Amino acid sequence: MSCKNEECRQLKEYFDEYIKSSQEMEEELEAEIAANNVKINEMALDSADLKEEIVELNEKIAFFKLEISKLEDQAELFTSQLSDIKAQKNNADNYIDSLESRIRQLEASQALLEAEKEQAVKLNSSMR
């Protein structure tokens, strides 16, 4: 019987070690699960923050796209206005050129009239 008692004692000792080892492994697993749950919660918070940031960035993108569109419209308007101003300047330049030409014609006519007047004065003086 002593053999049996010895076997029982060894089995009990082995079983106790197995239970103790199992409990340690269970504690380690529970600690690892708790650590993983903390990481999961942190990741969930980070994910929520990122989603919020994405929404904010999309709103900013939409705003800047609208601003760019407005600036493009303004640039188009300014380009049209500049074209109009250039046409007005060209018309004014042409008008100035025609006025200067007319002034030269009038000056030439005035010079001819002055010369004719001088001849007439000379003719009148010589006729007296």
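**View 1. Ile-19 and a nonpolar surface patch.** Ile-19 is partly exposed in this predicted model. Its relative accessible area is 30%. The residue belongs to helix α1, which covers residues 2–127. Ile-19 joins Tyr-14, Phe-15 and Tyr-18 in a nonpolar patch on the surface. The area of that patch is about 450 Å².

**View 2. The whole protein chain, for orientation.** The secondary structure consists of one helix and zero strands. Along the principal axes, the C-alpha trace spans about 180 × 20 × 15 Å. The radius of gyration is 53 Å, whereas a compact globule of 128 residues would have a value near 14 Å. How much of the protein chain counts as buried? The share is 0% of the 128 residues. The exposed area of the protein chain is about 12,200 Å². Carbon and sulfur atoms supply 58% of that area.

**View 3. Arg-9 and Glu-13 in a salt bridge.** The two side chains meet at 3.2 Å, N to O. Both residues sit in helix α1, four residues apart, so about one helical turn separates Arg-9 from Glu-13. Side chains of opposite charge can pair when their charged atoms come close. Arg-9 is partly exposed at 41% relative accessibility. Glu-13 is also partly exposed, at 42%. The pair is part of a network of salt bridges that links Glu-6, Arg-9 and Glu-13. In total, the structure holds five salt bridges.

**View 4. Lys-12 and Asp-16 in a salt bridge.** The closest N and O atoms of this pair are 3.2 Å apart. Lys-12 and Asp-16 are both in helix α1. Four residues, or about one turn of the helix, lie between one position and the other. Is Lys-12 buried or exposed? Lys-12 counts as exposed, because its relative accessibility is 53% and the cut-off for exposed is over 50%. Asp-16 is partly exposed, with a relative accessible area of 37%.

**View 5. Glu-67 and Lys-70 in a salt bridge.** Here the N to O distance is 3.6 Å. What spacing in helix α1 do Lys-70 and Glu-67 have? The two are three residues apart, about one turn of the helix. Glu-67 has a relative accessible area of 27% and is partly exposed. Lys-70 is partly exposed as well, at 44% relative accessibility.

**View 6. Asp-46 and a negative surface patch.** Which residues form this negative patch? They are Glu-42, Asp-46, Asp-49, Glu-52, Glu-53, Glu-56 and Glu-59. Asp-46 lies in helix α1. This residue is partly exposed, with a relative accessible area of 44%. Across the protein chain there are 30 negative side chains and 16 positive ones. The centres of the two sets are 15 Å apart.

**View 7. Ser-101 and its distance to Ala-87.** Ser-101 is another residue found in helix α1. Its relative accessible area is 26%, and Ser-101 is therefore partly exposed: buried would require under 20%. How far apart are Ser-101 and Ala-87 in space, C-alpha to C-alpha? The distance is 21 Å, for a separation of 14 residues in sequence.

Key
Residues numbered from 1 in each chain as written. Predicted model: local features only at pLDDT ≥ 70, side-chain atom pairs only at ≥ 80, totals over all residues. Heavy atoms only, no water. Patch = residues over 30% accessible without salt bridge, like charges linked within 9 Å, V, L, I, M, F, W, Y side chains within 5 Å. Areas by Shrake-Rupley, 256 points an atom, 1.4 Å probe, with all protein chains shown as cover. Salt bridge = Lys/Arg side-chain N within 4 Å of Asp/Glu carboxyl O. Buried < 20%, exposed > 50% of the residue type's maximum accessible area, 1.4 Å probe, protein only. Rg over C-alpha atoms; globule rule 2.2 N^0.38 Å. Lys, Arg positive; Asp, Glu negative; His and termini not counted. Charge placed at Lys NZ, Arg CZ, Asp CG, Glu CD.
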